[in-house]
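Let's walk through this structure together, starting with the overall form and ending at a pocket. Have a look at the model before reading on.

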Amino acid sequence: MTYSADFRAQVIKNIKQKDMSIRQACTFYNISKSTLQRWLIDPSIQTTRVKAPTSIPNEALLKDVNQYSDDYLYERARRLRF
């Protein structure tokens with residue numbers, strides 16, 4: 001889930017003004033400590049994924065979908081061995 005830039009700025013502002021500690025802010029805003037620490041380093045919203053998908057090659061998945069368009073996901077996973 002991506003939090004809005006306004007929300008991130010509000011949380012960071014409360015911590016920087018010493019209104020709340022990191023622990024209090026996490027409890028009050030219902031976010032994890034690692035998320036808040038990541039926001040303190042870089043509050044910008046990430047638009048791309050750093051890690052490439054590793055499970056199923058795109059070509060194999062597209063080929064399987066074209067051949068067996070009506071299959072359930074568990075059948076596709078069994079066939080592709082994932």
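What radius of gyration does the protein have, and what would a compact globule of 82 residues have? The model, which is a predicted one, has a radius of gyration of 20 Å, whereas a compact globule of 82 residues would come out near 12 Å. The extents of the C-alpha trace can be set beside that value: along the principal axes of the protein, the trace spans about 60 × 20 × 20 Å.

Next, the secondary structure. The protein is built with 5 helices and 0 strands, so reading from the N terminus gives the order α-α-α-α-α.

How do the chain's residues pack and face outward? Of the 82 residues in the protein, 20% are buried, that is, under 20% relative accessible area. The accessible surface of the protein comes to about 7,000 Å², and carbon and sulfur atoms account for 53% of that area. As for contacts with a separation of 6 or more, 41% are made by residues 24 or more positions apart.

Now to the empty space. Rolling a probe the size of a water molecule over the atoms shows where such space is left. The largest pocket has a volume of about 220 Å³, and 12 residues line it. Nearest the centre of this pocket lie Arg8, Arg38, Trp39, Ser44 and Gln46. Which helix gives the largest share of the lining? That is helix α3, residues 33–41, with 4 residues. Sorted by class, the lining of the largest pocket holds 5 nonpolar, 4 polar and 3 charged residues.

Methods
Residues are numbered from 1 along each chain as its sequence is written. This is a predicted model: local features need pLDDT of at least 70, side-chain atom pairs count only at pLDDT 80 or more; totals for chains, interfaces and linings use all residues. Side-chain values use heavy atoms; hydrogens and water are left out. On a 1 Å grid over the protein atoms alone, a cavity is a set of points where a 1.4 Å probe fits but cannot get out, and a pocket is an open set with protein on both sides within 12 Å along at least five of seven lines; lining residues have an atom within 4 Å of a point. Grid points are joined across faces, edges and corners, and a volume is the space filled by probe spheres set on the points. Helices (H or I, at least four residues) and strands (E, at least two) are DSSP runs, numbered from the N terminus. Ala, Val, Leu, Ile, Met, Phe, Trp, Tyr, Cys and Pro count as nonpolar, Asp, Glu, Lys and Arg as charged, and the others, Gly among them, as polar. The radius of gyration is taken over C-alpha atoms; the globule rule is 2.2 Å times the number of residues to the power 0.38. Buried means under 20% relative accessible area, exposed over 50%, partly exposed in between (1.4 Å probe, protein chains only). Contact means heavy atoms within 4.5 Å. Accessible areas come from the Shrake-Rupley method with a 1.4 Å probe; for residues, only the protein chains shown count as cover.
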